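How does one decide what to call a contact or a residue in a protein model? The questions and answers below work through some of these decisions step by step.

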Amino acid sequence: MKIAFYDTKPYDKIWFEPIAKEKGFDILFLEEKLNNKTAVFAKGCDAVCIFVNDNADADTLKTLKQAGVRAVLLRCAGFNNVDLKYAKEYDITVLRVPSYSPRAIAEYALGLLLAVNRKIHRAYVRTRDFNYSINGLMGVDLVGKTIGIVGTGKIGQAMMSVVRGLDMHVLLYDPYPLESILNKTQEAIAKFGSDIQYVDLETIYKEADVISLHCPLTKDNQYMINKETISMMKDGVILINTSRGSLIHTSDLLDALATGKFGGVGLDVYEEEEAYFFEDRSDDIISDADLVRLTSYRNVILTSHQAFFTKEAMYAIAMTTLNNAESFENEKTLENIVL
Ligand code: NAI
């Protein structure tokens with residue numbers, strides 16, 4: 001099986017190459033991102049392997065089909081960058097890695113929360129410059145405060161586990177709540193604590209001191225964090241987003257940041273991240289004014305989609321992606337099929 005591997009970074013090769021060799025796959029590593037112009041590079045390949053900022057839209061899928069591609073191997077969980085309607089029309093199988101290390105993302109979300117609250121990022125810069133003043137670095141105790149976790153799938157549940165030690169009240173929202181929590185089973189209480197309950201989204205907006213997003217991006221929840229929902233939130237609220245950038249309406253967030261609404265904002269994703277994230281753009285003029293403004297707020301920590309980035313997660317991603325390819329090639333049951 002020949003696989004065109006788009007948007008290759010050195011760390012991808014380290015983890016994918018040895019497993020591909022073991023399985024006898026031929027991988028064509030490409031630095032380009034997948035889009036309608038680069039899709040032709042996959043000519044002669046059976047599958048393409050793509051990541052979060054590759055774009056498998058209708059035109060791209062058409063070109064891939066003409067190039068002979070029969071499968072899209074997503075090396076990530078989210079699949080919002082693949083036009084599933086056209087993948088189906090062109091008979092291209094879409095496979096993903098539904099879970100690799102939910103704890104990696106939850107631990108990172110917790111890291112953003114702790115850092116942005118206690119302003120550790122600012123303290124780090126100050127002491128590097130021998131400035132030992134702590135003026136302006138005051139945070140809040142998290143014990144006894146309320147955290148709203150939006151999305152209680154694998155990562156949301158991992159988040160529930162990692163925040164347990166903080167002794168916060170936990171409010172949950174998910175359109176498909178977990179029965180075990182609704183029924184307050186012994187197992188759920190043992191795992192997540194007893195101070196945990198599902199509420200509606202509005203209650204989270206109104207009552208939470210911290211809001212952490214762990215839901216996928218869908219047509220229904222794009223820009224769920226917007227002018228209106230931000231206005232419901234408490235002053236000083238801390239917002240953490242490790243899910244997808246477009247859950248937040250960036251210019252509404254910026255307007256609210258300018259009024260001092262937020263105690264802190266921790267973002268590992270950004271709605272226009274495709275043009276910047278994972279690349280060294282330090283020598284370029286950044287023309288995205290929203291990105292520059294976001295970066296300039298000292299109560300915002302913005303990182304480049306790295307919540308997943310642990311050794312354990314990289315190994316699991318490489319292994320599951322290539323197991324998916326193997327199952328596809330051997331016409332076995334496709335456990336991780338999106339379509
Ligand atoms: P999952 O599929 O296990 O869980 C998602 C949960 O969200 C489900 O329980 C679902 O019912 C719920 N949900 C769906 N629509 C919702 C809505 N409108 N509001 C609230 N909840 C909703 O997915 P998992 O593994 O927990 O991943 C969640 C998201 O995290 C992914 O979709 C992806 O966007 C993001 N992610 C980010 C990474 C990073 O490195 N920053 C890495 C991996 C995932």
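What follows concerns a predicted model, and it takes up cysteines, burial and salt bridges.

Q: How do you know that C45 is not in a disulfide?
A: A disulfide requires two cysteine sulfur atoms within 2.5 Å. The closest cysteine sulfur to that of C45 belongs to C49 and lies 11 Å away, which is too far for a bond, and therefore C45 is not counted in a disulfide.

Q: What is the situation of C215, and how many disulfides does the structure have?
A: For C215 the nearest cysteine sulfur is that of C76, at 16 Å, and C215 is in no disulfide. By the 2.5 Å cut-off, the count for the structure comes to zero disulfides.

Q: Why is C45 called buried?
A: The word buried is used for a relative accessible area under 20%. C45 has a relative accessible area of 2%, so C45 is called buried. C215, with a relative accessibility of 11%, counts as buried for this reason too.

Q: What makes the contact between K9 and D7 a salt bridge?
A: The cut-off for a side-chain nitrogen of Lys or Arg and a carboxyl oxygen of Asp or Glu is 4 Å. In the pair K9 and D7 the nitrogen and the oxygen are 2.9 Å apart, and the contact is a salt bridge. Both K9 and D7 are buried, and they belong to a network of salt bridges that also links K33 and E279. The structure holds twelve salt bridges.

Q: Why is the contact between K234 and D209 called a salt bridge, and which parts of the chain does it link?
A: Set against the limit of 4 Å, the closest N and O atoms of K234 and D209 are 3.0 Å apart, and the pair forms a salt bridge. This pair links distant parts of the chain, 25 residues apart, since K234 is in the loop between α10 and β10 while D209 is in the loop between α9 and β9. K234 has a relative accessibility of 33%, and therefore counts as partly exposed.

Q: Is D235 buried or exposed, and what about K261, its partner in a salt bridge?
A: The closest N and O atoms of D235 and K261 are 3.1 Å apart. D235 lies in the loop between α10 and β10 and K261 in the loop between α11 and β11, so the salt bridge ties together parts that are 26 residues apart in sequence. Exposed means over 50%, and D235, at 66%, is therefore exposed, whereas K261, at 12%, counts as buried.

Notes:
Residues numbered from 1 in each chain as written. Predicted model: local features only at pLDDT ≥ 70, side-chain atom pairs only at ≥ 80, totals over all residues. Heavy atoms only, no water. Buried < 20%, exposed > 50% of the residue type's maximum accessible area, 1.4 Å probe, protein only. Helix = DSSP H or I, 4+ residues; strand = E, 2+ residues; numbered from the N terminus.
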